[in-house]
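Okay, everyone, thanks for making room for me today. I'd like to walk you through one model, piece by piece, so let's put it up on the screen.

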Amino acid sequence: MTRRDLAWRCGGAVLFGLACANALVDRQSNGGVDGVVRFVLAIFAIVLMLQGKRVALLVRIERSRHRLLASAIRARRRAARPHR
């Protein structure tokens, strides 16, 4: 595991901890973030913990103007493959 991957995974753990801590603070007092926002934050944190730097890479690719390149290459290869 690279240092960058470990940093992304640790960032996910920190986000998950913040979501849990906010839930505890919200339970004790009537302040804090809405439950839906906490849930989305926790889910995103779990994905970061499991996938690491791939999440950032996928977001970067999705925002790129070349996001359809991989599917175009795959389609061209399928079309060139002889039918059996």
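Let's start with charges: the count of salt bridges here comes to one. Keep in mind as we go that this is a predicted model.

So which side chains meet in that salt bridge? They belong to R9 and D5, with 3.2 Å from N to O. Quick bit of background: side chains of opposite charge can pair when their charged atoms come close. Now look at where these two sit. R9 and D5 are four residues apart in helix 1, which runs over residues 3-28, so about one helical turn separates them. And here's the general idea behind that: an α-helix has 3.6 residues a turn, so residues three or four places apart point the same way. As for exposure, R9 is partly exposed, at 22% relative accessibility, while D5 counts as buried because its value is 10%, and buried means under 20%.

Okay, cysteines next. How many disulfides are there? The count comes to zero. A disulfide, remember, is a covalent bond between the sulfur atoms of two cysteines. Why doesn't C10 form one? Because the closest cysteine sulfur, in C20, is 16 Å from its own, and that's too far for a bond; the cut-off is 2.5 Å. C20 is in no disulfide either, with the sulfur of C10 as its nearest, 16 Å away. C10 is partly exposed, with a relative accessible area of 42%, and C20 is partly exposed too, at 36%.

Now helix 2, residues 35-51. You can check its length yourselves: at 1.5 Å a residue, its 17 residues should span 24 Å, and the end C-alpha atoms are indeed 24 Å apart, so the two agree.

Which residues of helix 2 are buried? Those are R38, A42, A45 and L48. They cover an arc of only 120 degrees around the axis, so they lie on the same side of helix 2. Swing around to the other side, and V36, F39, V40 and L50 are exposed.

Those four turn up again in a nonpolar surface patch of about 640 Å², which is made by V36, F39, V40, I43, I46, V47 and L50. One of its members, V47, counts as partly exposed, at 36% relative accessibility.

One last stop: just after helix 2, G52 takes a positive phi of about 65 degrees.

That's my tour, thanks for listening!

Terms used
Residues numbered from 1 in each chain as written. Predicted model: local features only at pLDDT ≥ 70, side-chain atom pairs only at ≥ 80, totals over all residues. Heavy atoms only, no water. Patch = residues over 30% accessible without salt bridge, like charges linked within 9 Å, V, L, I, M, F, W, Y side chains within 5 Å. Areas by Shrake-Rupley, 256 points an atom, 1.4 Å probe, with all protein chains shown as cover. Helix = DSSP H or I, 4+ residues; strand = E, 2+ residues; numbered from the N terminus. Buried < 20%, exposed > 50% of the residue type's maximum accessible area, 1.4 Å probe, protein only. Expected span 1.5 Å × (residues − 1). Arc of directions from axis to C-beta.
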